[in-house]
Amino acid sequence: MGYIKGEERGQTILLPESIDDYVHEDNPVRIIDAFVEQLDVLELAFERSTSPTFGRPPYNPKVLLKLYLYGYLNRVRSSRRLEQEAARNLEVIWLLQKLKPDYKTIADFRKNNKLALKKVFRQFVRLCDEWGLYGKELVAIDGTKMRACNSKKNNYSAKKLERHIRYIDEKIETYMKELETTDNAETQERKLSVQEVQQRIQELRNRKQTYQAYQETIDKKGCSEVSTTDPDARLMSNNNNTVDVGYNVQTTVDAKHKLVADFKVTTQANDLGELANMALRAQVVLEKKELEVVADKGYYKVDDLKTCVKNHITPYVAKQTYSNGTGDKEFYPDKFHYDAEENIYRCPRGIELYFAKKRTSKEKGVIGYEYRNYAACSSCPVKERCTRSAKGRSIFRHIDQDFLDTINLKTEKNKDKYRLRQMIIEHVFGTIKRGWGAYYFLTKRKRSVTGELSLSFLSYNLRRVISILGTKEVLAKLTARKSPALA
């Protein structure tokens with residue numbers, strides 16, 4: 001019995017195949033085509049959204065947008081690889097109707113349509129809202145670090161520049177001595193000529209001038225560092241304790257179907273101060289006045305919490321836990337209990353700490369009240385476990401601690417909602433960064449990175465909607481829409 005045989009490659013087909021037969025009617029690629037075809041590229045301000053009267057006709061922006069959406073949905077982000085897919089992938093051949101744009105055209109489309117790509121993401125969010133896929137009751141806010149197109153080698157802080165310049169000065173001094181003694185300390189095979197030494201000195205001086213220019217930039221702009229490849233990127237640590245040059249992506253995800261509602265690219269190394277901003281943006285995007293928000297302790301800031309409450313947003317944020325300096329958890333500040341009636345604190349051993357003065361915290365500039373009892377601390381047998389101060393232990397109470405206590409109590413009572421945080425938002429980061437490999441950016445500068453990220457989050461939402469509703473229902477909903485543009 002023989003094997004299954006394919007068709008002869010040289011066989012002429014008398015009746016040509018239809019391009020539409022290349023993909024099945026339930027193929028998700030048809031959703032990309034239907035969605036993009038309904039977009040008004042002129043309203044979205046895509047470059048070349050109108051065909052020029054003279055010259056070579058350009059590609060329709062819809063064609064390149066379809067290609068990028070397909071690529072991001074299938075872990076292909078490189079413009080060169082997308083060019084290859086357009087020539088060999090039957091789904092892409094169907095999607096682009098056999099068009100084969102070159103990699104430069106593909107790359108320029110993403111580079112030149114940063115704002116338009118963000119608008120397309122917004123349009124799809126509105127579409128999901130129209131289909132009732134956002135619960136608009138509970139949202140999770142979190143940030144994730146994504147590596148920039150800039151190595152640590154090309155990132156300079158003030159201390160790093162001082163260290164490099166000091167090394168260059170030492171090196172120049174060594175070469176100057178060699179010119180006087182004609183002695184080479186680096187190689188024993190042969191001595192460097194005078195011309196070679198002078199050339200190396202000049203190279204070092206040129207490098208020093210470059211570093212000094214970076215120092216001037218830091219002083220002039222008042223920033224802490226300079227990145228030479230991507231000037232907007234900053235050095236920041238990740239959760240795995242590694243340090244990379246990148247961006248901090250703030251993201252808001254709705255709890256109902258884990259769909260991304262909003263995002264913002266920031267250059268801040270931490271999440272502190274972003275809660276109120278992202279929560280207020282979520283109100284506008286979801287068109288909902290009252291919201292519940294969950295966020296981790298990195299967002300615990302009194303000003304943000306007050307802003308949320310003032311604007312009918314209920315925050316569930318874990319409180320910060322601070323060390324006591326000795327590392328003994330039994331004597332952390334949260335183990336000291338406050339008695340509001342007597343206005344005193346009681347330590348874990350029951351010793352009372354009394355109000356001493358109003359002061360400003362040195363570390364964060366926060367206004368509050370200091371409580372202490374140095375006399376009792378001096379004879380306490382566990383003083384070494386409690387504090388390293390020779391005088392004794394003191395407790396700092398935030399001036400708005402009463403308000404923070406209400407937030408803490410509300411979070412504690414709604415632990416079931418707070419525990420949903422990771423399930424709501426970490427799913428998004430895991431899919432994009434781990435599953436799709438998009439943990440680093442291909443483009444440079446904050447605006448370009450935002451456009452690139454718009455494609456990632458749009459693709460994620462598109463994949464989620466297909467999983468929730470199914471290909472047939474999504475196609476039916478897109479076909480049933482009356483408006484030719486997603487308004």
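Let's start with a cysteine: C308 counts as buried, at 1% relative accessibility. Please keep in mind as we go that this is a predicted model. Another cysteine, C128, is also buried, with a relative accessible area of 0%. As for disulfides, the structure holds 0 of them.

From here we can turn to the pockets, beginning with the largest one. About 1700 Å³ of space lies in this pocket. Its lining is made up of 46 residues, and those nearest the centre of the pocket are Y322, P333, F396, R397 and H398. Several elements give two or more residues to that lining: helix 10 (302–310), strand 9, strand 11 (352–360), strand 12 (367–372), strand 13 (394–398) and helix 13 (401–413). Which of the elements gives the most to the lining of the largest pocket? That is strand 13, with 5 residues. If you sort the lining of the largest pocket by class, you will find 16 nonpolar, 15 polar and 15 charged residues.

The second largest pocket holds about 780 Å³ of space. It is lined by 26 residues, and T144, K145, N238, N239 and K433 are the closest to its centre. Strand 1 (138–147), strand 4 (234–237), strand 5 (243–254) and helix 15 (420–435) are the elements that give two or more residues to this lining. By class, the lining of the second largest pocket has 5 nonpolar residues, 11 polar ones and 10 charged ones.

Now for the enclosed spaces. Rolling a probe the size of a water molecule over the atoms shows where empty space is left. In this model the count comes to 2 cavities of 30 Å³ or more. The largest cavity has a volume of about 110 Å³. Of the 14 residues that line the largest cavity, C347, I351, C377, C380 and C386 are the closest to its centre. Helix 11 (374–378) and helix 12 (383–386) each supply at least two residues of that lining. How do the lining residues of the largest cavity divide into nonpolar, polar and charged, and how many are in each class? There are 11 nonpolar residues and 3 charged ones, with no polar residue in the lining of the largest cavity.

The second largest cavity has a volume of about 30 Å³. Its lining residues are Y72, R75, R77, W436, A438 and S456. These divide into 3 nonpolar, 1 polar and 2 charged residues.

C386, one of the residues closest to the centre of the largest cavity, brings us to F331, since C386 is among the residues that F331 contacts. You will find F331 in the loop between strand 8 (313–317) and strand 9 (337–339). Is F331 buried or exposed? Its relative accessibility is 6%, under the 20% cut-off, so F331 counts as buried. Leaving aside neighbours within four places in sequence, F331 is in contact with N324, F336, P348, V382, R385, C386 and R393. For a sense of distance, compare the position of F331 with that of V428: the two are 97 residues apart in sequence, and their C-alpha atoms are 38 Å apart in space.

S79 is another buried residue to visit, with a relative accessible area of 11%. S79 is found in helix 3 (residues 79–88). Not counting residues up to four places away in sequence, S79 touches Y68, Y103, I106 and A107.

Let's finish with the backbone. Phi of Q97 is near 55 degrees, a positive value in a residue other than glycine. Q97 lies in the loop between helix 4 (90–95) and helix 5 (103–112). The relative accessibility of Q97 is 62%, which is over 50%, so this residue counts as exposed. H312 also has a positive phi, near 65 degrees, and it too is a residue other than glycine. You can look for H312 in the loop between helix 10 and strand 8. At 40% relative accessibility, H312 falls between the 20% and 50% cut-offs and therefore counts as partly exposed.

Methods. Residues numbered from 1 in each chain as written. Predicted model: local features only at pLDDT ≥ 70, side-chain atom pairs only at ≥ 80, totals over all residues. Heavy atoms only, no water. Helix = DSSP H or I, 4+ residues; strand = E, 2+ residues; numbered from the N terminus. Buried < 20%, exposed > 50% of the residue type's maximum accessible area, 1.4 Å probe, protein only. Contact = heavy atoms within 4.5 Å. Disulfide = S-S within 2.5 Å. 1 Å grid on protein atoms, 1.4 Å probe; cavity = no way out; pocket = protein on both sides within 12 Å on 5 of 7 lines; lining within 4 Å. Points joined across faces, edges and corners; volume = space filled by probe spheres on them. Nonpolar A, V, L, I, M, F, W, Y, C, P; charged D, E, K, R; others polar.
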